[in-house]
Amino acid sequence: MDATLSVRAVLANTLLLILVTGTLNHVYAAFFGIRRLDRYFSSKPDPSWESRSPFDGFYRLHKYSFLYSLGIRRPAVGAGLSLWLYFSFFSLSIIWITLGLAALGRYLQIGPFA
């Protein structure tokens with residue numbers, strides 16, 4: 001029983017760590033960091049023409065990280081940006097899956113928030 005409880009605690013803490021670091025990463029990217037990625041992914045002639053809105057930055061972070069991680073569009077980027085894009089893809093996937101499962105649990109009246 002203790003081993004099962006500790007495995008659950010480790011998994012819950014790992015999920016919480018991914019959610020918190022992913023959220024902090026996405027907030028940083030939406031406000032400041034997306035300009036680094038615009039140089040490689042922007043379809044506009046001048047990447048500085050991209051919107052400064054954090055909502056657009058968050059959208060572009062989704063678009064760039066999913067396109068890069070799924071292999072649809074892979075410009076030559078450095079190892080640091082590549083790691084950042086893979087982490088963004090992974091954390092965005094975890095966040096959206098968690099939100100989807102929470103909404104489904106709320107809708108079906110199952111789980112701890114029913």
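**Note on a predicted three-helix chain**

1. In α3, the buried residues are Leu81, Ser82, Trp84, Leu85, Ser88, Ser91, Leu92, Ser93, Ile94, Ile95 and Gly105. The model is a predicted one, and this list should be read with that in mind.

2. Helix α3 covers residues 79-108, which is 30 residues. From its first C-alpha to its last, α3 reaches 43 Å, close to the 44 Å expected at 1.5 Å a residue. Just after α3 comes Gln109, whose phi is positive, at about 60°.

3. On the overall make-up, the protein chain has 3 helices and 0 strands. Read from the N terminus, the order of elements is α-α-α. The radius of gyration is 17 Å, well over the 13 Å that the globule rule gives for 114 residues, so the protein chain is more spread out than a compact globule. Along the principal axes, the C-alpha atoms fill a box of roughly 60 × 30 × 25 Å.

4. On burial and surface, 30% of the 114 residues in the protein chain are buried. The exposed area of the chain is about 7,800 Å², and 71% of that area is supplied by carbon and sulfur atoms.

5. On contacts, consider pairs in the protein chain that are at least 6 residues apart in sequence: 64% of these contacts join residues at least 24 apart. The two residues taken up in the next points, Asp38 and Gly57, each have contacts beyond four places in sequence.

6. Asp38 belongs to helix α1, residues 2-41. Is this residue, Asp38, buried or exposed? With a relative accessible area of 2%, Asp38 is buried. Apart from neighbours within four places in sequence, Asp38 is in contact with Pro47, Glu50, Arg60 and Tyr64.

7. Gly57 sits in helix α2, which spans residues 54-69. Its relative accessible area is 1%, and Gly57 is therefore buried. When residues up to four places away in sequence are not counted, Gly57 touches Ala30 and Ile34. Gly57 and Val27 are 30 residues apart in sequence, and their C-alpha atoms are 9.3 Å apart in space.

8. On charge, the protein chain carries 11 positive and 5 negative side chains. The centres of these two sets lie 2 Å apart.

Notes:
Residues are numbered from 1 along each chain as its sequence is written. This is a predicted model: local features need pLDDT of at least 70, side-chain atom pairs count only at pLDDT 80 or more; totals for chains, interfaces and linings use all residues. Side-chain values use heavy atoms; hydrogens and water are left out. Helices (H or I, at least four residues) and strands (E, at least two) are DSSP runs, numbered from the N terminus. The radius of gyration is taken over C-alpha atoms; the globule rule is 2.2 Å times the number of residues to the power 0.38. Buried means under 20% relative accessible area, exposed over 50%, partly exposed in between (1.4 Å probe, protein chains only). Contact means heavy atoms within 4.5 Å. Accessible areas come from the Shrake-Rupley method with a 1.4 Å probe; for residues, only the protein chains shown count as cover. Lys and Arg count as positive and Asp and Glu as negative; His and the chain ends are not counted. The place of a charge is taken as NZ of Lys, CZ of Arg, CG of Asp or CD of Glu. The expected span of a helix is 1.5 Å times one less than its number of residues.
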